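Colleague: I have just opened this one and would like a slow walk through it. Could you take my questions as they come?

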Amino acid sequence: MAERERDPQGKPLNARPRDGLGRPLARGGTGTPRVPDDLHLPPDAALTEAQRFLDARMPFHAHEVLEGTWKSCVPDERELWQGLAQLAVGLTHLMRGNRVGAASLLRQGHDRLIGYEVEPPHRIDVTGLLGWSEDLLEDLETGTLPTSPGVPALRRAVESGSDGGVLAHRPDSS
């Protein structure tokens with residue numbers, strides 16, 4: 001068996017290429033570009049980058065971005081960022097066909113977000129994400145495996161109102 005790659009501190013690395021859903025491919029194969037292990041983006045940049053990956057149907061990569069922010073955010077937001085990362089991993093499992101793993105991670109992510117619904121930071125659409133995850137969980141609990149789950153919007157869209165104020169709403173997902 002080949003010796004596993006390690007970083008300078010001896011931590012195991014997985015240098016194998018991965019597909020768009022984060023599954024390891026054979027060594028020497030061609031995969032999708034990886035998110036650097038040490039990526040720690042500030043909240044707004046992380047949300048933008050994670051949404052870009054979600055929109056490209058690459059939730060594993062979105063999870064990696066969100067996980068980096070979770071590990072470096074202010075303590076009061078750790079549950080929020082961990083919950084967002086878990087929702088992305090739950091979607092990853094769902095897209096891989098793993099109903100049990102999807103349900104577990106979607107539930108954990110959902111439950112971590114509940115405490116942020118009243119005053120969500122960074123324009124995060126906590127209410128929309130809770131509804132999105134509840135819909136998927138309901139399908140999974142009835143034994144349905146959604147074949148093409150919708151992509152969640154991480155933030156509320158903002159537009160100018162006729163009075164010059166700012167109105168926030170959840171974008172139409174249809």
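Colleague: Is glutamate 79 buried, partly exposed or exposed?
Modeller: In this predicted model, glutamate 79 has a relative accessible area of 37%, and it counts as partly exposed because that value lies between the 20% and 50% cut-offs.

Colleague: And which side chain does glutamate 79 meet in a salt bridge?
Modeller: Its partner is arginine 112, and the N to O distance in that salt bridge is 3.0 Å. The pair links distant parts of the chain, since glutamate 79 sits in helix 3 and arginine 112 in helix 4 (residues 99-113), with their positions 33 residues apart in sequence. Arginine 112 is partly exposed too, with a relative accessibility of 22%.

Colleague: How many salt bridges are there in total?
Modeller: The count comes to five salt bridges. One of them joins arginine 155 to aspartate 44, where the closest N and O atoms are 3.5 Å apart. That pair also links distant parts of the chain, 111 residues apart, with aspartate 44 in helix 1 (residues 43-55) and arginine 155 in the loop between helix 5 and strand 1 (157-160).

Colleague: Which of these is arginine 155, buried or exposed?
Modeller: Arginine 155 is buried, because its relative accessible area of 18% falls under the 20% cut-off. Aspartate 44, on the other side of the salt bridge, is partly exposed at 45% relative accessibility.

Colleague: What about arginine 52, which side chain does that one meet?
Modeller: The side chain of arginine 52 meets that of glutamate 49 in a salt bridge, with 2.5 Å from N to O. Both residues belong to helix 1, and because they are three residues apart there, about one helical turn separates them. Arginine 52 is partly exposed at 46% relative accessibility, and glutamate 49 is likewise partly exposed, at 23%.

Colleague: Which residues are linked in a network of salt bridges?
Modeller: The network is made of Arg107, Asp111 and Glu141.

Colleague: Changing topic, how many cavities of 30 Å³ or more does the structure hold?
Modeller: There is one cavity of 30 Å³ or more, and the largest cavity contains about 50 Å³ of space.

Colleague: Which residues line the largest cavity?
Modeller: The lining is made up of Leu54, Leu66, Leu84, Leu87, Ala88, Leu91, Leu129, Trp132, Pro152 and Leu154. Sorted by character, the lining has 10 nonpolar residues, with no polar and no charged ones.

Colleague: Which helix gives the most to that lining?
Modeller: Helix 3 gives the most, with four residues. Helix 3 (78-96) and helix 5 (126-141) are the elements that each supply at least two residues of the lining.

Colleague: Let me step back, then. What is the order of the elements from the N terminus on?
Modeller: The secondary structure comes to five helices and two strands, and from the N terminus on the order is α-α-α-α-α-β-β.

Colleague: How much of the protein is buried?
Modeller: Of the 174 residues in the protein, 39% are buried. The accessible surface comes to about 9,700 Å², and carbon and sulfur atoms account for 51% of that area. As for contacts between residues at least 6 apart in sequence, 54% of them join residues at least 24 apart.

Colleague: I also noticed glycine 68, so where does that residue lie?
Modeller: Glycine 68 lies in helix 2 (residues 59-72), and it counts as buried at 6% relative accessibility. Setting aside neighbours within four places in sequence, glycine 68 is in contact with Leu39 and His40. Leucine 41 is 27 residues away from glycine 68 in sequence, but their C-alpha atoms are 7.0 Å apart in space.

Colleague: One last thing, what is phi of histidine 122?
Modeller: Phi of histidine 122 is near 60°, a positive value in a residue other than glycine, and phi of arginine 123 is also near 60°.

Colleague: Why point that out?
Modeller: It is worth a look because most residues other than glycine have a negative phi. Histidine 122 is placed in the loop between helix 4 and helix 5, and arginine 123 is placed in the loop between helix 4 and helix 5 as well. Histidine 122 is partly exposed at 26% relative accessibility, and arginine 123 is partly exposed at 34%.

Definitions and conventions: Residues numbered from 1 in each chain as written. Predicted model: local features only at pLDDT ≥ 70, side-chain atom pairs only at ≥ 80, totals over all residues. Heavy atoms only, no water. 1 Å grid on protein atoms, 1.4 Å probe; cavity = no way out; pocket = protein on both sides within 12 Å on 5 of 7 lines; lining within 4 Å. Points joined across faces, edges and corners; volume = space filled by probe spheres on them. Nonpolar A, V, L, I, M, F, W, Y, C, P; charged D, E, K, R; others polar. Salt bridge = Lys/Arg side-chain N within 4 Å of Asp/Glu carboxyl O. Buried < 20%, exposed > 50% of the residue type's maximum accessible area, 1.4 Å probe, protein only. Contact = heavy atoms within 4.5 Å. Areas by Shrake-Rupley, 256 points an atom, 1.4 Å probe, with all protein chains shown as cover.
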